[in-house]
Amino acid sequence: MTSHLLSAGDLSAEHALTILDSAEQMYAIQSRPIKKLPTLRGRTVVNLFFEDSTRTRSSFEIAGKWLSADVINISAKGSSVSKGESLRDTALTVAAMGVDALVVRHASSGAVQRITEWVDCHVINAGDGTHEHPTQALLDAFALRRRIGDLTGKHVVIVGDLTHSRVARSNVLLLNTLGARVTLVAPPTLMPAAVHTWECATSWDLDEVLSGKAAGDVDAVMTLRVQRERMSGGYFPTEREYAISYGLSPRRLSMLSEDAPVLHPGPMNRGLEISSAAADGPRSLVLDQVKAGVAVRMSVLYHLLAGAQPAPVLEEAAGL
Ligand code: NCD
């Protein structure tokens with residue numbers, strides 16, 4: 001693994017499977033009464049978040065703490081960023097304190113990559129603009145594997161606001177690396193302009209995709225949030241129309257084969273892109289994804305920060 005995690009596309013199948021397999025060991029720790037492991041004792045991880053977050057920031061924090069790293073959170077609100085400090089100065093200032101890893105979320109695509117040019121610690125992309133969110137794709141793959149097994153040859157449908165989604169791009173990259181096939185579904189206005197360069201099929205018609213050419217054609221459906229905060233104009237006529245055409249409704253759930261799960265990275269707009277029947281029903285992996293997030297981020301931190309250490313560290317971490 002490189003010394004940063006910026007893009008899901010940087011991961012070979014071997015790297016991705018190594019992270020996912022170690023995450024299985026970390027996952028087992030989550031159900032132990034005492035979750036603290038000494039693996040990253042003495043290491044410092046800083047969560048540098050220039051954009052809002054609930055799941056990603058807290059799961060990176062928990063992941064670091066369970067591995068005994070010292071974890072500090074800095075958010076744009078409440079830091080000198082709101083006094084006009086530049087991204088470079090903020091990154092250099094934080095790195096100068098001797099941190100081992102920076103976990104960065106930023107509203108601009110490419111900002112996290114830029115930080116790697118200025119600092120000499122490990123950098124993890126926790127979401128940059130509409131570009132990438134590699135640990136989300138890893139945790140989605142982890143939750144999916146646990147539910148439907150090996151992803152080789154599986155067909156995953158991703159539907160929603162793809163234009164503004166960093167989750168979609170990272171998932172298309174990783175799912176392909178893991179041997180799955182992806183179909184993206186969105187109205188033309190929410191389909192990324194360069195989608196023809198992505199390795200996937202596309203459609204504007206969710207019903208047609210879900211009804212599939214052969215029964216059981218769709219192995220999982222991931223629905224993505226309508227990102228109102230990134231929208232400047234009218235991408236669709238009304239929310240009601242979007243929900244009717246692209247929402248994961250009870251009717252659409254019944255079109256899926258019995259064991260096909262439903263994913264959503266959160267936060268969800270219930271009643272818009274996802275119905276409560278889908279979000280809370282037995283097919284839902286929404287909370288499994290959150291749980292997977294801690295294990296996968298423990299694994300990513302472990303491989304970046306302790307990867308050079310001998311295998312017994314992982315065995316100790318896994319309680320073997
Ligand atoms: C996603 C994000 O921030 O990119 N959420 C997350 O990390 N769980 C998706 C979103 O905001 O819709």
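These are my notebook entries on a ligand site, a sheet and two backbone details in a predicted model.

**Entry 1, the ligand site.** I began by asking where the ligand sits, and found that the ligand occupies the largest pocket. I then listed the residues around the ligand, taking those with a heavy atom within 4 Å, and obtained R55, T56, R105, H133, Q136, R166, V167, R225, Q227, P265, G266 and P267. Sorted by class, this shell holds three nonpolar, five polar and four charged residues. I also checked which helices contribute to the shell, and noted that α2, spanning 55–66, and α6, spanning 166–177, each provide at least two of its residues.

**Entry 2, polar atoms at the ligand.** Next I looked up individual distances between the protein and the ligand. For H133, a polar side-chain atom is placed 2.8 Å from an oxygen atom of the ligand. For Q136, I found an N or O atom of the side chain at 3.4 Å from a nitrogen atom of the ligand. P265 takes part through its backbone, where an N or O atom lies 3.0 Å from a ligand nitrogen atom. I then looked up how much of the ligand is covered: taken alone it exposes 310 Å², and the protein buries 93% of that.

**Entry 3, the cis bond beside the ligand.** Since G266 and P267 are both on my list of residues around the ligand, I looked at the peptide bond from G266 to P267, and recorded it as cis, with omega near -5°. P267 belongs to the loop between β9 and α10, the latter covering 276–280. I kept this entry because most peptide bonds are trans.

**Entry 4, a positive phi.** I noted that S68, which is not a glycine, has a positive phi, near 70°. S68 is located in the loop that runs between α2 and β2, with β2 at 70–75. I marked this residue because most residues other than glycine have a negative phi.

**Entry 5, the sheet.** Finally I traced an open sheet of five strands, whose order is β7-β6-β5-β8-β9 and whose pairing is parallel. Which strands stand at the edges? They are β7 (201–203) and β9 (262–263), and because each has a single partner strand, one side of each is left without a neighbour in the sheet. I followed one pair in more detail: β5, residues 155–159, and β6, residues 181–185, run parallel and are joined over five bridges. Within this pair I found I158 standing opposite L184 of β6.

Definitions and conventions
Residues are numbered from 1 along each chain as its sequence is written. This is a predicted model: local features need pLDDT of at least 70, side-chain atom pairs count only at pLDDT 80 or more; totals for chains, interfaces and linings use all residues. Side-chain values use heavy atoms; hydrogens and water are left out. Two strands pair if DSSP finds at least two bridges between them. A polar contact is a pair of N or O atoms within 3.5 Å; within protein, one must be able to donate a hydrogen and the other to accept it, and residues adjacent in sequence count only if both atoms are side-chain atoms. Accessible areas come from the Shrake-Rupley method with a 1.4 Å probe; for residues, only the protein chains shown count as cover. On a 1 Å grid over the protein atoms alone, a cavity is a set of points where a 1.4 Å probe fits but cannot get out, and a pocket is an open set with protein on both sides within 12 Å along at least five of seven lines; lining residues have an atom within 4 Å of a point. A molecule sits in a cavity or pocket if more than half of its atoms lie within 2 Å of its grid points. Ala, Val, Leu, Ile, Met, Phe, Trp, Tyr, Cys and Pro count as nonpolar, Asp, Glu, Lys and Arg as charged, and the others, Gly among them, as polar.
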